[in-house]
Amino acid sequence: MSRDITINLSKSENANYFEAGEILHVAELDKVQRDIATFLKDIEVKPSEKYLHRAITILGSRGSGKTSFLLNLINYYKNNPDISVLEIIDPTLIEEKGHVFLNIISEISETVTEKFASDVTRNVIDDKTREDWDKKLMNLAGGIPSIDGIGKNDHDKWMDAEFVLETGLAAVSAARRLQKNFIEFIELSLKILDKKAFLITFDDIDVDSSKGWAVLECVRKYFTSVRLIIILSGDMNLYSTVIRQQKWANFGKEIIKYESLEDRGYKGSIDKFNKMVTDLASQYMLKIMPPQYRVNLTTIYEKKRIDSSTEISIVLSQRKKISIENVYKTILLRFGITNPTQAEVFRTFLLSLPLRSQIQFLKTNESIIKALEKNDKFISENNTDIIDIFISELHEKNVDTYTVKYSSKYINSIILNLLLSTKSLNDVYQLQPITTDSTLNSSVFALNLILSSALNKGNSGKYLVFDYMLKIAFPRNILNFIPYSSSSTIDNAGLSIENFSLNTGIFADRVLRDMMGDMQSQIFGVINAATGQNSNFYIKLLGLKERARRPLNDRLDTVFSVQNGSTFLDRALGYIPSFIITHSYRQGTQVCYSIYSLLATVGELLKRDELVAGGQNVDTRKKELESALLNLSQIRAYSAYNSDSRESSLQENNETENEDITIEENNFDEYDNFNTWNTFLDSMLEWFSSQNNCQPISVHVLGKIFTRFYYALQNIDKSINKKTKLGDLINYQIIAFFNAVIIEDTLEQLQNSPKLNLDNTNLSNRNFINNLKKLSQTRLIEERKKLTLSDWILSCPLLISYLNPNDQKLKDSLSRYLSSEIANNITKYSVYNMLNKVSLLNSNNDTSSGIRRITNHSTIKIYNDKTYYHDLVNQLKGKYSRELFQNSDKATTTLNNQIIREKLPKIFGGKNSSTKIREFRNFLEKNPHLWP
């Protein structure tokens, strides 16, 4: 049956009475009313029934609307001719010396006394009836002290044995008659009131275990009359906890202690007790709260799922109804969640929240609802109050809510810490509430919205785009070879993702470029491949010319020197993606080049413009930008991850070229023309300001962009060869990043209506150029305005400085898509041709794809030596004797080495074969379980 329900936000913050059409749990209310109607009929059929257990239980989580449900239920029956309604009893509000049984008697007594008072002039109730009622009330007095928690036995204070016996027997007799006396009291009270039954409601009896247990025991022992309609409310899980707690207490500490002692042969007895407690608790709940009378207050999502025709609307101040789906859709748009598939994930989560949480969430976004009521546009604002709605869940997950709320620069570090602690980085790095852990879902949802709010606060916050990619998306994508510390694929010598994050300073407020340098150096120590580029992380270059003994015209510092015609801007741009890795093997070093360092620099420049120079005039911002660029274009050294099993496998043929490096500082005095430098600074400042034009950006889009880009880099790494040049390689990597941006942005904003080619790029600009052509079609002019993230990133002067200025098709496509001015910047600031003069390490060897042959034409990708060795062991076991690789005396070892070289030349032959065999033997010695 179709229902139209309106949630009035102005009335819904607290438990309240609601008008018809405003009651959310209508179906549940109907069921309770039907049950009560049945109970009233039973009074006519079996009026003397005294041992009934049929409490109606209203079940729901905290904030599901149980109190409001009870209020509206009471309101419905307050004028019912057959039912006397008592006030809702909340056991948590009963004083310590009070008891729920006394409260019920007190409520009934007050109701009857009021009836007596109103009857003074009418004389309908005779004096005998009054006297009988007083007597029934007094009859309860003798048995009440026997109820747990009310009275205590003081008879032992008297010395008269006969008196003790007499009073003791009287007390026992009164206790035995308590239930009978209580039922008689109920029946006479109802007769006086001219009613058939009392409606007694208990709210939140599961909150306080001691008081909740007292209520349940009263229901079991005394509230069994057919004339009592009992309504309980609470959470079934909490009910179970209250009952189990009491059942455990009933056993007593001593028996549990002694029955569970292992040295007495009772190992596992605690499990026996646990099973008994479970059985007892289950049967107790079945008796007190019969399943046929249990009513679950469903969430809005469940109501819509059960009956799709149900319409639920929101009303605020203008009395204009707006469907709750439309409200949530608009709110999610504010946070950049546009794609219908992605929006459904978040909308389902919101609709599944307890009603109180949804009300608070809607109130927090009240400005959006007001705009919808007036058909106005809403202004996006930085709203961190959302965190307060989920603060309990965040605290349970040990999230620093104060820092998250008031210091956005730490938010990605805090998010990473949460994802690592819950081992959910791989699945939840896009901060979507998709797990089976409701607390984690609430936490990541809250953090998602806080991060989105910081990202989308007008003309600032966009540094968090790169901050998120490097601090969260990057660690997520290296989990396949730097796993969790608890992973079975890691040993004590391995690097875990937790230690990786600590070692690289992700949890601190570090310069992003320095953080990225440490991250890549840690990866270098893990991969540690003797050959191959691993350009999907860093590009290995030959050593710098500085302090070399002969002219080296193909080195980075030579190419970008004044003597080679380099301008000051050229040198800064040429050095930004570079860094040096130092390792302990023979105090070696490795010069590297990385697009990740370039992206980190972009993020750091945005961050400093906002947090350091924010709010200042243009001249001040320009000075800060210049200072930052000078600082970030220094070639810095970072230490590789140190693992003894990998030290000796580093490059030996490049040792002398990479040692004794001096890192030069940029020197203004060497240059006399700064026109291009100043123009570039102006272009960057203009680009910083253009972020204000961006549509809201969602976190999941950033995650998808980075993952697509990460795998595109792997494709490029597999394809490079000895002819690939540094300028080309960086150009292709930036194109891969740009292509990932426009694809994911288009999928989110336009659901790929332009039909872009979704394949990742490789050693070609073609796919990217073709995708830009599709987006530049005249028919898409209006739709393309939504792709503000693509427009902004593709126009970054720093990134386009590394593109190929000789590719006219690339420049033409960027000119059509963005503007001719931005396309011209490719040529104006380009360092592409100069980078092509810089030699890559191993450029004369066709081994740069990083593939090692093993046997039978099988190959594995080198992610780290452990992975290589694990696969190697699996292929050798069963085919060769383990004794060949056993450490032995010198003569035996020499003979075994000769046999190994002859049988496995592709693996252990060639240069440094003895070292290869020795390292493999050392690995087997440290991991004997792999090949017993």
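This is a short tour of the structure above, stop by stop, with something to select at each one.

**Before you start**

The model is predicted, so local features need pLDDT of at least 70 and side-chain atom pairs count only at pLDDT 80 or more, while totals for chains, interfaces and linings use all residues. Residues are numbered from 1 along each chain as its sequence is written, and side-chain values use heavy atoms, with hydrogens and water left out.

**Stop 1: a three-stranded sheet**

Select β1 (4-8), β7 (311-315) and β8 (322-323). Strands here are DSSP runs of E, at least two residues long, and helices are runs of H or I with at least four residues; both are numbered from the N terminus. Two strands pair if DSSP finds at least two bridges between them. In general, strands of a sheet pair through backbone hydrogen bonds, either parallel or antiparallel.

In what order do the strands of this open sheet stand? The order is β1-β7-β8, and the pairing is mixed. β1 and β8 stand at the edges with a single partner strand each, so one side of each is left without a neighbour in the sheet.

Now look at the pairings one by one. β1 runs parallel to β7, with 5 bridges between them. Along this pair, Thr6 stands opposite Ser313, and Asn8 has Val315 as its bridge partner. On the β8 side, 2 bridges join β7 to β8, and these two run antiparallel. Ile314 has Ile322 in β8 as its bridge partner.

Colour by accessibility if your viewer allows it. Buried means under 20% relative accessible area, exposed means over 50%, and partly exposed is in between (1.4 Å probe, protein chains only). Of the 5 residues of β7, 4 are buried, so this strand is largely enclosed by the rest of the structure.

**Stop 2: strand β2 and its two partners**

Next, select β2, residues 56-59. Which residues cover its two faces? Ile56 and Ile58 lie on one side, Thr57 and Leu59 on the other, and all are buried.

Add β5 (residues 228-234), which runs parallel to β2 and is joined to it by 4 bridges. Then add β6 (residues 294-296), which also pairs with β2 in the parallel sense, over 3 bridges. Leu59 is a good residue to centre on: it stands opposite Gly234 in β5 and opposite Asn296 in β6.

**Stop 3: helix α4 and its charges**

Move on to helix α4, residues 127-141. Side chains of opposite charge can pair when their charged atoms come close. A salt bridge is counted when a side-chain nitrogen of Lys or Arg is within 4 Å of a carboxyl oxygen of Asp or Glu; by this rule the count comes to 30.

One of these joins Asp132 and Lys128, at 3.1 Å from N to O. Both residues lie in α4, 4 residues apart, about one turn of the helix. Asp132 is partly exposed at 29% relative accessible area, whereas Lys128 is exposed at 55%.

While you are here, select Glu131, which is also in α4 and is exposed, with a relative accessible area of 54%.

**Stop 4: a buried pair between two helices**

Jump to Glu744 and Arg708, whose side chains meet in a salt bridge of 2.9 Å, N to O. Glu744 is in helix α32 (residues 726-750) and Arg708 is in helix α31 (residues 699-719), so the pair ties together parts that are 36 residues apart in sequence. Are these two residues buried or exposed? Glu744 counts as buried at 9%, and Arg708 is buried at 17%.

For another pair, select Asp791 and Arg784, which form a salt bridge of 3.4 Å, N to O. Asp791 is partly exposed at 21%, and Arg784 counts as buried at 19%. Then show Lys136, Lys180 and Glu184 together: salt bridges link them in a network.

**Stop 5: two distances to draw**

Finish with your viewer's distance tool. Ile300 lies in helix α11 (residues 300-306) and is buried, with a relative accessible area of 2%. Draw a line from its C-alpha to that of Gln358: these atoms are separated by 9.5 Å, with the residues 58 apart along the chain.

Then go to Ser639 in strand β12 (residues 637-639), which is partly exposed at 48%. From Ser639 to Phe524 the C-alpha distance is 9.4 Å, although the two are 115 residues apart in sequence.
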